[in-house]
Amino acid sequence: MQINPGAAECPHRQIAAQLKAQIRRGDWGPGERLPSIPAIAEMFGVAKQTVQRAVDQLRVEGILITKPGSGTYVRGTRRRLNRLSRGRYGGFRGYHTDLAARYRQQLVAVGRSPAPPEVADAFGVPDGTELLCRRHLVRTEDSPVEVGASWFLPADTAGTTLERAEAFGRPLYQEAEEAIGRRYATATDTITARQPSREESETLQIRPDTPVLHLLHVAYDAHRKPIEVAQATWPGPVTTLTEEYQIPAPTTDPDPDPGLVLG
């Protein structure tokens, strides 16, 4: 292991690139602990601070995870977002069976909370309106990968099972359809990239400067009235978004517009 002092790339970036290459080769597998910072510094013949910067970079990229008092490990999980929230309903209005095996969802709180602006806008109510909120945390074996919340209008949920602080043995939307008496018909997903809040960075165990992906999911009934507004936030570097779709076959325009210019 060595760095090139004359290279344009900073030493810590050179170290990060070499560590990343070793991980890709399988020198350190998922969940395996890396040598200590002093040991890596000795390997490269650099100061410990330089190695720390390299490790910090790889943490931001989602390749490494540091466990206080234990060491630095190769992160073993990359969350794949397949078709955003469509997987929530599945081809037959149910969970994809492989998700339960890979992820564990924990209900962390149920109760009324002030609606954040994006949720209030989706429901068409003033900011801060008290709504029913069901908050959850999704974990893999080695780390939390999602913080989320589902919001409902109190008028829809008063006296129903949705107010109970308990997990259901079926998808939440199925419980909501039965409790509220309206069926989910359409939904919109809006995904954005941003910096995490302090609470999000602490819960997801990521650095405050690590970007996150944030999803706002609004589910409507057949009359386009919102039933549920759901939020989900994932560490950006360890999350991939995959969208699969059909490409339409080419068609022949019988009367093309002569003024149309294609470049």
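Gln205 counts as partly exposed, because its relative accessibility is 41%, a value that falls between the 20% and 50% cut-offs. The model behind this value is a predicted one. Gln205 is found in the loop that runs between α9 (198–204) and β8 (212–220). Its backbone stands out a little too: phi of Gln205 is near 60°, which is a positive value in a residue other than glycine.

Arg224 makes a good companion to Gln205. Here too phi is positive in a residue other than glycine, this time near 65°. Arg224 sits in the loop between β8 and β9 (226–235). With a relative accessibility of 48%, Arg224 counts as partly exposed, since exposed would call for a value over 50%. The side chain of Arg224 has a ring for a partner: Arg224 lies over the face of Tyr220, at 3.8 Å from the ring centre. Another charge-over-ring arrangement involves Lys67, which lies over the face of Tyr73 at 4.6 Å from the ring centre. As for pairs of aromatic rings, the count comes to one.

Stepping back to the whole chain, there are nine helices and 10 strands. The chain has 263 residues, and 41% of them count as buried. Contacts that reach far along the sequence are well represented: taking those between residues at least 6 apart, 61% join residues at least 24 apart.

Where is the largest nonpolar core, and which residues have the most contacts inside it? This core has 18 residues, and Ile15, Val51 and Leu64 are the ones with the most contacts inside it. Three elements give two or more residues to the core, namely α1 (11–25), α2 (37–44) and α3 (48–60). A second core, separate from this one, has 13 residues, including Val119, Ala120, Cys133 and Leu216. Back in the largest core, Ile15 shows what the packing looks like around one residue. Setting aside neighbours within four places in sequence, Ile15 is in contact with Ile3, Phe44, Val46, Thr50, Val51 and Ala54.

Leu64, named above for its contacts in the largest core, also has a place in a hairpin. Strand β1 (residues 64–67) pairs with strand β2 (residues 71–74) in the antiparallel sense, over four bridges. In this pairing Leu64 stands opposite Val74 in β2. Three residues lie between the two strands of the hairpin, and Gly69 takes a positive phi there, near 80°.

Cysteines come next. Cys133, one of the residues of the second core, is buried, because its relative accessible area is 2% and the cut-off for buried is under 20%. Cys10, on the other hand, counts as partly exposed at 38% relative accessibility. No disulfides turn up: the structure holds zero.

Helix α8 (residues 172–180) has a set of buried residues made up of Leu172, Tyr173, Glu175, Ala176, Glu177 and Ile180. Two glutamates, Glu175 and Glu177, are among them. The helix is followed by Gly181, whose phi is positive, near 85°.

The last stop is strand β7 (residues 186–194), where Ala193 lies and where Thr192 is found as well. In a regular strand, side chains alternate between the two faces of the sheet. Ala193 is exposed, because its relative accessible area is 61% and exposed means over 50%. Thr192, at 37% relative accessibility, counts as partly exposed. Which residues does Ala193 touch, not counting residues up to four places away in sequence? They are Val212 and Leu213. With the same kind of neighbours left out, Thr192 touches Val212, Leu213 and His214. His214 also comes up in a distance from Ala193: these two are 21 residues apart in sequence and 6.2 Å apart in space, C-alpha to C-alpha. For Thr192 there is a similar figure with Thr233, at 41 residues apart in sequence and 9.6 Å apart in space, again C-alpha to C-alpha.

Technical notes:
Residues numbered from 1 in each chain as written. Predicted model: local features only at pLDDT ≥ 70, side-chain atom pairs only at ≥ 80, totals over all residues. Heavy atoms only, no water. Buried < 20%, exposed > 50% of the residue type's maximum accessible area, 1.4 Å probe, protein only. Contact = heavy atoms within 4.5 Å. Phe/Tyr/Trp six-rings, centres within 6.5 Å; stacked < 30°, edge-to-face > 60°. Lys NZ or Arg CZ within 6 Å of the ring centre and 35° of its normal. Core = buried A, V, L, I, M, F, W, Y, C linked by side-chain atoms within 4.5 Å. Disulfide = S-S within 2.5 Å. Pairing = 2+ DSSP bridges.
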